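Me: I should like to learn how the parts of a protein model are read, and how the contacts between them are described. May we work through an example together?

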Amino acid sequence: MIPGAFDYHRPATIEDAVTLLASLGEEASILAGGHSLIPLMKTRLASPDHLVDLSGIGNLKGITVAGGDIVIGAMTTQFELIASEDLARHIPIIAETSRLIADPQIRYKGTFGGNVANGDPGNDMPALMMALGATYRVHGPDGGRDVAAREFYHGAYYTALEHGEILTSVRIPVPPAGHGYAYEKLKRKVGDYATAAAAVVITMAGGTCTSASIGLTNVSETPLWASEASALLVGTRLDKPSVDAALAAAEAITNPASDMRGPAEYRTKMAGIMLRRALERARSRTEA
Amino acid sequence: MNDQTRIDQDRAERTEKLQGMGCKRKRVEDIRFTQGKGSYVDDLKLPGMLFGDFVRSPHAHARIKSIDTSRAKALPGVIAVLTAADLKPLGLHYMPTLAGDVQAVLAEEKVLFQNQEVAFVIAVDRYIASDATELVDVEYEALPCIVDPFKSMLPDAPILREDIQDKMTGAHGPRKHPNHIFEWMIGDKEATDAVFANADVTIKEMLVDHRTHPSPLETCQSVASFDKVKGELTLWGTFQAPHVIRTVVSLISGLPEHKIHVIAPDIGGGFGNKVGAYAGYVCSVVGSIVLGVPVKWVEDRMENLSTTSFARDYHMTTELAATKEGKILAMRVHVLADHGAFDACADPSKWPAGFMNICTGSYDIPVAHLAVDGVYTNKASGGVAYRCSFRVTEAVFAIERAVELLAHKLGMDAAELRIKNFIKAEQFPYQSALGWEYDSGDYHTAMKKAMDTIGYKELREEQARKREAFTRGETRELMGIGISFFTEIVGAGPAKNCDILGIAMFDSAEIRIHPTGSVIARMGTKSQGQGHETTYAQIIATEIGIPADDIMIEEGNTDTAPYGLGTYGSRSTPVAGAATAVAARKIKAKAQMIAAHMLEVHEGDLEWDVDRFRVKGLPEKFKTMKEIAWAAYNSPPPNMEPGLEAVNYYEPPNMTYPFGAYFCVMDIDVDTGVAKTRRFYALDDCGTRINPMIIEGQVHGGLTEAFACAMGQEIRYDEQGNVMGASFMDFFLPTAVETPHWETDHTVTPSPHHPIGAKGVGESPHVGGVPCFSNAVNDAYAFLGAGHIQMPHDAWRLWKVGEKLNLHQ
Ligand SMILES: Cc1cc2nc3c(=O)[nH]c(=O)nc-3n(C[C@H](O)[C@H](O)[C@H](O)COP(=O)(O)OP(=O)(O)OC[C@H]3O[C@@H](n4cnc5c(N)ncnc54)[C@H](O)[C@@H]3O)c2cc1C
């Protein structure tokens with residue numbers, strides 16, 4: 001529980017941070033809230049020689065409504081996601097999910113950007129971002145680029161980020177008014193990562209599902225967007241056979257590890273159960 | 001107001017001012033604990049202090065081919081690296097265990113469990129020490145390992161303990177196999193077997209009380225400081241039994257005991273974890289003796305969970321024989337005890353399986369037999385009493401699960417079966433079939449009160465409805481009702497059967513009244529959060545009439561405290577609490593003589609009145625304790641020694657036997673396996689109640705740990721002997737969110753042999769709680785034919801039960 005030695009840097013601008021990361025090379029890590037990185041350092045699973053702390057960069061924080069989208073700065077804390085009135089009004093599933101992350105102390109420090117950039121399939125935000133069709137804004141030595149959340153996650157701790165790139169913000173299209181949503185997470189205790197979790201965003205018209213998007217947390221090497229399961233629901237009345245079919249399709253794409261949360265087969269089944277419950281709750285919330 | 005009322009009122013006011021026994025005095029220690037102002041071992045900073053850290057084995061079983069410390073020693077800031085080769089010439093590469101075995105301090109030829117200590121790096125700071133552990137190059141040759149204790153004694157099992165391979169007689173008799181530690185038997189085998197052969201009904205089940213860990217929030221730690229000039233060693237550490245540690249250090253280091261000063265400062269929880277002696281203590285001592293400067297060792301969380309003292313790991317084949325009507329006739333138990341790589345159980349020396357023979361429980365079982373085989377495996381050593389007296393949680397789990405299984409087989413209500421078999425109030429003192437003499441109890445009264453309060457009948461009716469609804473497919477929830485009626489055995493113990501390394505298990509109190517009437521009292525026990533500073537003062541306050549606020553309680557410094565055996569096994573109140581009362585009474589007797597002299601009457605003409613002696617029939621003629629204290633130093637009676645102090649070493653005539661009736665109502669979601677405790681009711685009878693608030697706090701804490709153990713807490717190993725989940729991410733330590741609401745209640749059946757009738761309560765809730773939770777879970781599934789469901793009852797395991805029973809769509 002004692003980390004190795006490292007140097008600490010606190011640049012004041014994104015440009016400085018990018019330059020610093022380029023000059024320090026592979027042994028430098030970005031530090032945001034530290035609540036994923038520092039535990040890894042304490043167990044020496046990570047031993048970066050340099051930490052580049054983003055907390056000195058002023059314009060990385062904040063939640064803004066921009067047309068039909070909401071843009072969230074990477075250094076916005078998980079607590080701020082819960083406190084935001086704009087998010088509550090437009091994308092309430094973000095606060096619902098945030099409340100299920102870790103515990104209050106961690107959420108005061110842990111950032112939204114760190115949660116999505118970390119690449120741990122246990123993080124709750126990534127599957128939600130995939131379900132919501134979010135786009136990540138990334139800055140590197142060659143300037144800025146956008147990456148779709150659904151294209152971002154390649155493996156455990158392996159993402160589309162190149163070394164030296166910083167995720168600066170996330171743009172999320174606001175779902176239609178009256179949409180239904182739910183994030184269902186099964187965990188062993190407060191502060192635990194999901195045994196399995198499901199994010200659901202749906203719209204209904206006249207009792208028929210007009211759109212559906214499903215994300216799954218911690219049941220594979222990466223967060224999952226269950227596109228096939230989502231598609232199976234559209235046009236149905238969310239009757240039992242349709243939901244069963246979607247569940248089967250969702251379970252089919254899971255590939256969880258067996259760990260202390262339970263064996264793989266359990267976690268797959270729990271992904272299905274969480275999805276069923278999330279669908280029920282999402283549907284009850286639709287205003288159509 | 002008439003005279004009598006005025007007298008009564010005055011007496012009540014004076015009594016209240018004392019804050020003596022029976023009142024909810026606030027915990028005096030909490031002022032510092034809740035403000036972060038406690039002073040723990042890791043708070044110690046001594047000039048020139050160095051820091052130690054361990055190189056640990058990645059293997060569960062491997063031969064050490066070589067250890068190269070040169071790279072570590074070359075790191076700036078590293079002062080020394082100790083290996084077994086350094087300790088061997090001092091005879092310190094092994095240390096004795098409390099169970100009569102030896103335990104490696106630093107591994108010499110082999111490592112026997114993952115994370116075993118291999119080398120100790122000493123450096124100028126904690127970070128460098130940790131860095132240097134990565135620079136010690138150890139070459140291992142992996143060996144096949146034993147994780148399953150049932151494989152330990154197979155003919156072709158790898159021999160684990162080569163150091164004692166040829167010693168076929170251990171501390172507790174002959175060994176049947178090189179991986180066998182002991183066989184311990186008690187009871188009448190022939191008579192028991194005969195009853196089983198002819199019984200109407202029998203049940204037999206393998207009940208596993210799985211391996212877990214006490215996990216106090218403060219890990220184990222020590223600071224050793226050797227003064228080369230005086231030849232004296234001061235050792236601060238997380239010690240539940242500081243005096244025993246001093247004796248052990250003296251015996252293994254050869255330093256004279258009077259030159260060893262052991263100090264246990266504030267301790268952040270023990271629960272049995274801090275009874276034993278650990279490699280870290282020894283290495284900090286050796287480091288300081290060799291280097292002449294203080295050396296600190298602080299265990300991290302993973303080290304704590306994976307190396308120092310596991311608990312449980314008892315595999316209990318449990319049988320009951322009964323009549324058709326449900327009268328239990330006999331009990332037969334065989335335990336396979338997994339002790340890990342060394343037998344480092346913290347039990348009284350003659351009790352290799354602790355007090356497992358309390359397993360006949362609260363029932364009048366005429367005949368019984370218990371056999372325990374201890375075996376070695378490639379796991380961490382320990383087997384400590386985790387918030388219980390020695391192996392009592394295991395014993396109570398066995399009997400309380402067994403009676404439920406019997407009730408199920410008989411088609412009888414589990415509460416009714418218990419009541420039918422209870423030892424009756426008039427049978428006390430009761431001689432159990434396995435050798436204990438229960439001091440006092442009134443089980444029927446307690447059970448009735450509990451059942452009435454919880455509304456047992458209504459709960460069973462609700463359960464019947466729920467079961468029908470479940471069968472009809474109207475709900476996916478199962479309701480379980482858990483019962484546990486436990487009898488503990490605590491307060492070790494009488495010298496005739498209890499000692500630790502030959503030292504009888506007495507305990508002690510020394511009380512000094514100062515001239516101004518304030519008091520310092522010291523005990524041989526050591527609080528780890530139990531509130532001793534509060535409760536011992538209450539005993540003294542009531543006994544000698546000095547306000548508890550004027551009494552300071554001090555423990556943990558072996559130079560000043562009288563010798564005692566420490567705090568574990570709920571022994572502080574039964575043993576040191578008794579010593580405190582007896583010492584106080586000695587003072588009171590002397591005070592009476594002084595008062596008689598002051599009042600110029602005969603001693604026999606005086607009577608005690610809350611905080612004073614007064615002349616019988618002349619209530620206005622009195623001397624308060626405060627006045628008497630002054631006189632003791634100022635004008636004692638002729639021929640009397642001045643001063644007012646006393647010491648008592650109390651050797652208890654018997655153990656105490658607290659008991660209780662617990663009920664749990666649980667709702668289980670069969671689709672996820674998630675269990676929710678709807679209600680938990682705990683009725684405790686711990687005899688005389690010193691501080692009801694502290695009792696309640698102890699019950700809350702013990703129940704929470706019971707909840708943890710039953711519902712998910714475990715130390716698991718994979719087949720290669722890798723320890724799994726040894727961090728708080730996985731190891732289940734419930735937070736306030738998961739912890740159920742506790743309803744507490746009590747009856748009072750004083751111990752007849754204890755000076756104040758108190759029995760001890762710190763561990764009852766744990767002991768009684770574990771089977772209660774497990775019974776609730778088992779009860780939920782019983783009507784579906786689940787059979788016995790092993791702990792821990794975490795969600796995935798319960799989901800598996802549902803799978804097996806085809807409950808999932
Ligand atoms: C006890 C505990 C329980 C937890 N439980 C949960 C949980 O239930 N659900 C959950 O989702 N999370 C959980 N977490 C993790 C927590 O949410 C973290 O805060 C989050 O994963 C990482 O955010 P951070 O700001 O702390 O990032 P850091 O720890 O500082 O960084 C994490 C990683 O992301 C990289 N990084 C951070 N910011 C950026 C950026 N802007 N651009 C590029 N790379 C970046 C870092 O280099 C690092 O590799 C838990 C943490 C703890 C300690």
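Me: Which residues of chain A does UniProt list for "domain: FAD-binding PCMH-type"?

Reply: One point should be kept in mind from the start: this is a predicted model. A record can attach a name to a stretch of sequence, and here the unreviewed UniProt entry lists residues 1-177 of chain A under that name. Over residues 1-177 the chain is 34% helix and 25% strand, and the end C-alpha atoms of this stretch are 47 Å apart.

Me: Into which domains is chain A divided by the domain assignment?

Reply: An assignment of domains is read separately from the record. For chain A it gives domain 1 (7-54), domain 2 (62-173) and domain 3 (180-285).

Me: How many residues of domain 2 of chain A are in contact with domain 3 of chain A?

Reply: A contact between two domains may be described by distance, by residues and by area. The C-alpha centres of domain 2 and domain 3 of chain A are separated by 20 Å. In the contact, 23 residues of domain 2 meet 27 residues of domain 3. Together the two domains of chain A bury about 2,000 Å², with 63% of that area on carbon and sulfur atoms. On the side of domain 2, A:Glu96, A:Leu100 and A:Pro121 supply 27% of the buried area, more than any other three residues.

Me: How many salt bridges cross the interface of domain 2 and domain 3 of chain A?

Reply: Charged side chains are examined pair by pair. The rule finds 3 salt bridges across this interface. A:Glu96, already named for its share of the buried area, also meets A:Arg281 in a salt bridge at 2.9 Å, N to O. In addition, 13 residue pairs are in polar contact between these two domains of chain A, both residues being at pLDDT 80 or more.

Me: Which element gives the largest share of the side of domain 2 of chain A that touches domain 3 of chain A?

Reply: Here one assigns the touching residues to helices and strands. On that side, α5 (92-98), α8 (125-132) and β8 (153-155) of chain A each supply at least two residues. The largest share is that of α8(A), with 6 residues. By class, this side of domain 2 divides into 14 nonpolar, 5 polar and 4 charged residues.

Me: How is chain B divided into domains?

Reply: A domain may be assembled from separate stretches of a chain. In chain B, domain 1 consists of 12-39 + 507-650, domain 2 of 44-143 + 218-268 + 274-307, and domain 3 of 310-492 + 655-804.

Me: How many salt bridges does the rule find between domain 1 and domain 3 of chain B?

Reply: An interface can be described even when one kind of interaction is absent. Between domain 1 and domain 3 of chain B the rule finds 0 salt bridges, but 11 residue pairs are in polar contact, both at pLDDT 80 or more. On the side of domain 1, the elements that give two or more residues are α14 (532-544) and α15 (572-599) of chain B. Of these, α15(B) gives the most, with 8 residues. That side has 10 nonpolar, 12 polar and 7 charged residues. The area buried between the two domains of chain B is about 1,800 Å², of which carbon and sulfur atoms give 64%.

Me: How many residues does each chain give to the contact between chain B and chain A?

Reply: The approach used for domains applies to chains as well. The contact takes 29 residues from chain B and 25 residues from chain A. About 2,200 Å² is buried between the chains, and carbon and sulfur atoms give 62% of it. In chain B, the residues that lose the most area to chain A are B:Met729, B:Trp796 and B:Trp799, together 25% of what that side buries. The rule finds 5 salt bridges between the chains, including one at 2.9 Å, N to O, between A:Arg188 and B:Asp730.

Me: Where is a cis peptide bond that involves B:Pro792?

Reply: The angle omega describes a peptide bond. The bond that joins B:Met791 and B:Pro792 is cis, with omega about -10°, and B:Pro792 is found in the loop between α18 (764-782) and α19 of chain B.

Technical notes: Residues numbered from 1 in each chain as written. Chains lettered and ligands numbered in written order. Predicted model: local features only at pLDDT ≥ 70, side-chain atom pairs only at ≥ 80, totals over all residues. Heavy atoms only, no water. Domains from an automatic or database assignment. Buried area = accessible area lost by both parts, 1.4 Å probe. Salt bridge = Lys/Arg side-chain N within 4 Å of Asp/Glu carboxyl O. Polar contact = N/O pair within 3.5 Å; in protein donor to acceptor, adjacent residues only side chain to side chain. Helix = DSSP H or I, 4+ residues; strand = E, 2+ residues; numbered from the N terminus. Nonpolar A, V, L, I, M, F, W, Y, C, P; charged D, E, K, R; others polar. UniProt positions renumbered as here; feature names shortened; annotations may be inferred. Contact = heavy atoms within 4.5 Å.
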